[in-house]
Amino acid sequence: MSTTIFTDGASRGNPGPGGWAFVIVYERGMADRWVREGGGFERVATNNQMELMAALRALEFVLAEHVASDIVVHSDSSYMINGITKWVSGWKKKGWITSTKTPVENREMWEALDTAVAQLNARGLQLRWQYVGGHIGVKGNERCDEIATAFATSSPVEPALFNGHFSAYPIVDVLDLSHGVEQKQKKGSDRSRSKATAYSYVSSVDGVVQVHKTWKECEARVKGQSGARFKKALSAAEESIIASNFSA
């Protein structure tokens with residue numbers, strides 16, 4: 001059985017108060033599965049920094065526990081996944097300078113994450129990074145979002161962070177990724193829409209609807225927000241319909 005990791009990060013203000021979280025399902029002993037949840041708070045951080053911190057802390061736990069199985073990390077952060085799988089090697093060759101000739105942001109965190117990956121590889125373990133869309137019903141991702149958001153907002157984590165046998169874990173379907181697969185298939189069938197140029201993006205957080213001209217603005221608003229809704233509009237008319245539906 002592979003070790004399954006879910007990670008997520010959140011911040012309020014970007015930068016602002018931040019939280020990070022992980023859920024790890026791993027083997028301890030002979031085919032004996034355990035679950036470890038973790039999370040933490042940073043007084044000032046960005047979303048990206050918290051995404052990196054979540055992955056780093058998860059891999060540090062796996063290293064400390066001497067987990068012997070291959071690892072799959074599930075995250076909704078394209079920034080983190082692309083960075084660790086594609087960009088890091090180039091950054092190192094160029095002295096941590098980007099293609100635009102500027103210093104790499106969050107270099108210390110990238111270096112620490114890259115070191116953790118190298119240590120796992122040195123143990124002969126395969127590490128795979130898997131993107132999973134946020135807020136699409138994948139229980140591990142949703143639980144991480146809840147934990148990270150709680151830390152970012154200085155709220156209690158409910159239920160409390162879990163550390164125990166898999167059979168006692170309250171999220172019984174935490175390893176069920178079928179909803180994510182269904183969403184992926186749906187996106188594939190609607191590829192023409194996904195590739196179409198956006199007229200705008202509409203978001204709803206705590207019942208308040210806003211319209212954004214770029215995905216970056218929309219993502220910054222909904223990231224880490226429990227119950228947030230968002231959708232791309234392809235025209236002014238569609239924007240009006242989406243906003244009306246979100247307000248209902």
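**Exercise 1. By about how much of a helix are Arg107 and Glu111 separated in helix α3?**

Before starting, note that this is a predicted model, in which local features need pLDDT of at least 70 and side-chain atom pairs count only at pLDDT 80 or more, while totals for chains, interfaces and linings use all residues. Residues are numbered from 1 along each chain as its sequence is written, and side-chain values use heavy atoms, with hydrogens and water left out.

Step 1. Find both residues in helix α3, where helices (H or I, at least four residues) and strands (E, at least two) are DSSP runs numbered from the N terminus. Arg107 and Glu111 are four residues apart there, so about one helical turn separates them.

Step 2. Check the pairing: Arg107 forms a salt bridge with Glu111, with 3.2 Å between the closest N and O atoms. A salt bridge here is a side-chain nitrogen of Lys or Arg within 4 Å of a carboxyl oxygen of Asp or Glu.

Step 3. Look at the surroundings, taking buried as under 20% relative accessible area, exposed as over 50% and partly exposed as in between (1.4 Å probe, protein chains only). Arg107 is partly exposed at a relative accessible area of 38%, and Glu111 counts as partly exposed at 29%.

**Exercise 2. Which parts of the chain does the salt bridge between Arg143 and Glu37 tie together?**

Step 1. The closest N and O atoms of Arg143 and Glu37 are 2.9 Å apart.

Step 2. Arg143 belongs to helix α4 (residues 139–152) and Glu37 to strand β3, so the pair ties together parts that lie 106 residues apart in sequence.

Step 3. Both Arg143 and Glu37 are buried.

Step 4. Turn to another pair, Lys223 and Asp76, whose side chains meet in a salt bridge at 2.6 Å, N to O. Lys223 is in the loop between α7 (215–222) and β9 (229–233), whereas Asp76 is in the loop between β4 and α2, 147 residues apart. Lys223 is buried at a relative accessible area of 11%, and Asp76 is buried at 13%.

**Exercise 3. What is the strand order of the open sheet of six strands, and which strands stand at its edges?**

Step 1. The order is β5-β4-β1-β2-β3-β6, with mixed pairing; two strands pair if DSSP finds at least two bridges between them.

Step 2. The edges are β5 (127–131) and β6 (163–165), each of which has a single partner strand, so one side of each is left without a neighbour in the sheet.

Step 3. Inside the sheet, β1 (residues 3–11) and β4 (residues 71–75) run parallel and are joined by four bridges, and the bridge partner of Phe6 in β4 is His74.

**Exercise 4. Which residues touch the most other members of the largest nonpolar core?**

Step 1. A nonpolar core is a set of buried Ala, Val, Leu, Ile, Met, Phe, Trp, Tyr and Cys residues joined through side-chain atoms within 4.5 Å.

Step 2. Among the 38 residues of the largest core, Leu59, Trp110, Leu113 and Trp129 touch the most other members. Helix α1 gives the most to this core, with eleven residues.

Step 3. Leaving aside neighbours within four places in sequence, Leu59 is in contact (heavy atoms within 4.5 Å) with several residues, including Ile5, Val73, Leu113 and Trp129.

Step 4. A second, separate core of 20 residues includes Val132, Cys144, Phe166 and Ile171.
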